[in-house]
Amino acid sequence: MKIHMVSFEDGITATGYRKMAAFMERVNPDIQFFYVGTNSYRSFWYSITRRTGTAVHFGPDQIDEIAQGIAGADLIAVSCMTGYADNARKVIARVRQLNPEAYIMWGGIHPIIYPENAIEADVDAICVGEGELAFAEWLELYVRGEDFTKIQNFWFKQKDGTIIRNGFRPLMSAAELETMPFQKYAGEEWIYSPGHGFRRIVLSDYLQNNGLAYQAIWSIGCPLHCTFCGNTVFIANDPKYKRIRHTSPEYIVNEVKAAMKVHPHLNTVLFHDDSFMAIPLPELTEFAKRWREEIGLNFCVYGVIPSYVQQDKLEVLTWAGMNRVRMGVQSGSQRILDFYRRPTPIARVERAAADLAKFSKYHINPAYDIIVDNPIETRQDVIDTLELIYRLERPFTLNLFSLRVIPNTVLEKQMKENGIDLEQINANYTSLRPTFSNVLLYVLLVWRIPRKWFDRALQHVRAFSEPQKMHPISLFLARQPWLIKQGLRHLRFGEFSVITGYSGYILWKTGLLGLWKKLFGRKLKVDAAKIESWLPPIDRPSPSEAS
Ligand code: B12
Ligand code: SF4
C-alpha cells in the first residue's frame, strides 16, 4: 500500500508524528513523509516581533497546492494539533475530490482532544489514542479486505455517514514502548513551500527549526490535570495516563545516538516530556550515568512541575549535562491556580525556584511559563503574579503566554460557565496584549526595579476585563533588552537551540564551538559514592513503570 503521511504544524519538530511515522514505515515501507507549515515560527523576525502566530490559515490556492502534492496514494494519513486543524480539514476535503478512492485517516493530538470535531472532516477514520498498535491492526485487516471497524482507538465513518465510535486500547506498557522504533529523523522528507509545492527537506530546514538541537520525548504522562491542558482529556480517556511511562535509559540514549549519526552537529537535546522530574531518582540516575558516558551533550528539560523539583534530582541531572530547565508556574495568584486546578502552592513554586537558582552557575536561566491575559483574573490576581515575579529567586526568564482555550478541555467549560466569550480571548498563544502589566513583566526580567517604583507601577495595573490603555511600542521596546540578555546567555553556554540558522553550525564546523565549551563550560562534580547510592538495586526489572 502506498502511504502519504502528512504533518500539519509550524515546523518540523513534531515528535508524536515522527514516532508514528517510524512505526508506519516499519509495518509498511512504501511511505512518504510530508510537512506542512508556514515555517515562520522560528524565523528571526518572528522572535523579534512575535507578530505571526502558530496557527496560520492557508488560502484556496495553497490548499489546492498542498492537496495536489499529497493526494496520489492509497492511504493519506494526516497528523496535527488543533492550531492547524482548519487547514487539515480543508486539505482533506480537496484530497477527497482529487482522489476519491484514497482512504483518509486523521490522527494526532486534535482527533484525540476533540474527536467530534475531527470526524466531521471528509475522513474515513480518525485515531483517538495511541496510534501504533491500532494502526498495525487496521493495516492487517484492511489489506486482507476484512472488517476493521471494531478496532479500538479508532472512530470510523461509514459510506452512509454513520459513525462508529470505538473505545480505547490499553495504553502501551513500558515494555511495549521499548519495542517501538525511534522517531523517524532526517530521512527522505518533503516540506511545503507556498507557491512552489513540496521540496526535499535539507539541512538548512533543520537548522532553521531546531538550531543545533534534537527534540526528544523520553516519558509520557503527567499526574496533574490542569484545566487548560490536553492532559485533562488524556486522563478522561484513560486514568492510567497519569502514570509516567518511559522506555529504558538505554533506549533513549540509543535514540539520541542514532540522531547524532545523521546530524553530527547536534549540540543539545530538548526533552519535551510533560513531567520529566516526576521520574523517580534511581531511574534518573541510571539515565544520567549512561548519558554522561555515551552522549556527553548538554540537554534541556522542558516539562518541570514545581512539586517535583528536588535537590538530588537537579544535582544528578546537572551532573549529566542538563543546562536548562523550563517550569510551569502559570500564575502568582493562588485563586487563579485553584481555578486552573493546579495543586502547587505558591510557596512550593518559590522553593523550586530557589532550588534551581543554586545551579545557576551550570544552567542557562531557567524559564518559567506564565499565562497572562486571562479574563477571569481580577486586578489583584494580576498584581499577585507581578509580585511573585518580583520576589522569585533570580536568575530566571519567563515564557509569557496569552491564555487561549483549547477546545474540549475543562477550561472551555469553565470559561463558558463564567460567561466568557471565547472569541475575545486571543487567538494566538504567543502575541501578548500590549497591556501595562505585560510591559512590566518584561521590564522585571532584565531589571528588578526599586521597590518604591514597583509599588507605584502596580497602581497602573489593570485586569484583562477592565478598560485600559494599550502600549504596543513599549511592549516591543521592553522585549528587546530581554531578547538580547537571553541571546547572550545562550551564547555564553554555547547553546544554539534558540538561536537558529547557520550561526551555530558554522561555529561547530570550524571547531570554535567545541573550543568555547572546553574553555568556558562548567561541569558539576558529584561524589561517585553518592551517584552509586542513588542508582536502582541491580535486580530491579527494567524497563520500569513509575507511578
Ligand atoms: C512535544 C510537544 C511539543 C513540541 C513538538 C510538537 C509536536 N507536534 O510533537 C513543540 C515544542 C514543538 C510543541 C509546540 C507546541 N505545542 Co506542544 N506538546 C508537546 C507534548 C508535550 C508531547 C507531544 C508528544 O510527542 N507526545 C507523545 C506522542 C507519542 O504522542 P502523540 O503526539 O499524541 O502521538 C501519538 C498519537 O497522537 C497518534 N498519532 C499521531 N499522529 C498520527 C497520525 C496518524 C495517521 C495516526 C493513525 C495516529 C497518529 O500516534 C502517536 C503515537 O502513539 C504535548 C503534550 C502531550 N502529552 O501530548 C504538547 C501539546 C501537543 N502541545 C500543545 C500546544 C498547544 C503546543 C503549542 C501550540 C504551544 C505554543 N504555545 O506555541 C505549540 C505548537 C507549535 C507548532 N509547531 O505548531 C497542546 C496541543 C493541544 C491541542 N489540542 O492542539 C499539547 C497537547 C499540550 C497541552 N497544553 O495540552 N509541542
Ligand atoms: S502539569 Fe503541565 S502537562 Fe501536566 S496537566 Fe498541568 S499543564 Fe498539563
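## A walk through the predicted chain

Asn153 is found in the loop between helix 7 (132-144) and strand 6 (154-157), and this residue makes a convenient starting point in what is a predicted model. The phi angle of Asn153 is near 75°, which is a positive value in a residue other than glycine. Asn153 has a relative accessible area of 3%, and because buried means under 20%, Asn153 counts as buried. A second residue can be read alongside it: Asp373, which is not a glycine either, has a positive phi of about 60°. The place of Asp373 is in the loop between strand 16 and helix 16, and with a relative accessibility of 7% Asp373 is also counted as buried.

Another backbone detail belongs to a loop as well, this time the one between helix 16 (379-391) and strand 17 (397-402), where Pro395 lies. The peptide bond that leads from Arg394 to Pro395 is cis, with an omega near 5°.

From these single residues we can step back to the chain as a whole. Its secondary structure comes to 23 helices and 17 strands, and its C-alpha atoms fill a box of roughly 75 × 60 × 45 Å when the box is taken along the principal axes. What radius of gyration would a compact globule of 547 residues have? The expected value is near 24 Å, and the chain has 24 Å, so the two agree. Buried residues make up 56% of the 547 residues in the chain. If we consider the contacts with a separation of 6 or more, 77% of them are accounted for by residues 24 or more positions apart.

The inside of the structure can be described through its nonpolar cores. The largest of these has 105 residues, and those with the most contacts inside it are Trp138, Phe271 and Phe299. When its neighbours within four places in sequence are left aside, Trp138 is in contact with Met1, Leu75, Tyr103, Met105, Phe148, Ile151, Phe154 and Phe156. Apart from this largest core lies another, of 32 residues, which includes Ala67, Tyr84, Val91 and Val128.

Strand 15 offers a good example of how one element is set among others. Is this strand, which covers residues 322-330, largely enclosed or largely open? Of its 9 residues, 8 are buried, so strand 15 is largely enclosed by the rest of the structure. Strand 14 (residues 298-304) runs parallel to strand 15, and 4 bridges join the two; within this pairing, Val304 stands opposite Met327 in strand 15. Strand 16 (residues 367-372) is likewise parallel to strand 15 and is joined to it by 4 bridges, with Arg326 standing opposite Ala367 in strand 16. The route along the chain from strand 14 to strand 15 passes through helix 13 (residues 311-320), and these three elements make a right-handed β-α-β unit. As a general point, the side chains of a regular strand alternate between the two faces of the sheet.

The cysteines come last. The structure holds 0 disulfides. Cys80, for instance, is in no disulfide, and the nearest cysteine sulfur, that of Cys127, is 13 Å away. Cys80 is buried, with a relative accessible area of 4%, and Cys226 is buried too, with a relative accessible area of 7%.

Notes. Residues are numbered from 1 along each chain as its sequence is written. Chains are lettered from A and ligands numbered from 1 in the order in which they are written. This is a predicted model: local features need pLDDT of at least 70, side-chain atom pairs count only at pLDDT 80 or more; totals for chains, interfaces and linings use all residues. Side-chain values use heavy atoms; hydrogens and water are left out. Buried means under 20% relative accessible area, exposed over 50%, partly exposed in between (1.4 Å probe, protein chains only). Two strands pair if DSSP finds at least two bridges between them. A crossover is right-handed if, with the strands pointing away from the viewer, the path from the first strand over the helix to the second runs clockwise. A disulfide is a pair of cysteine sulfur atoms within 2.5 Å. A nonpolar core is a set of buried Ala, Val, Leu, Ile, Met, Phe, Trp, Tyr and Cys residues joined through side-chain atoms within 4.5 Å. Contact means heavy atoms within 4.5 Å. The radius of gyration is taken over C-alpha atoms; the globule rule is 2.2 Å times the number of residues to the power 0.38.
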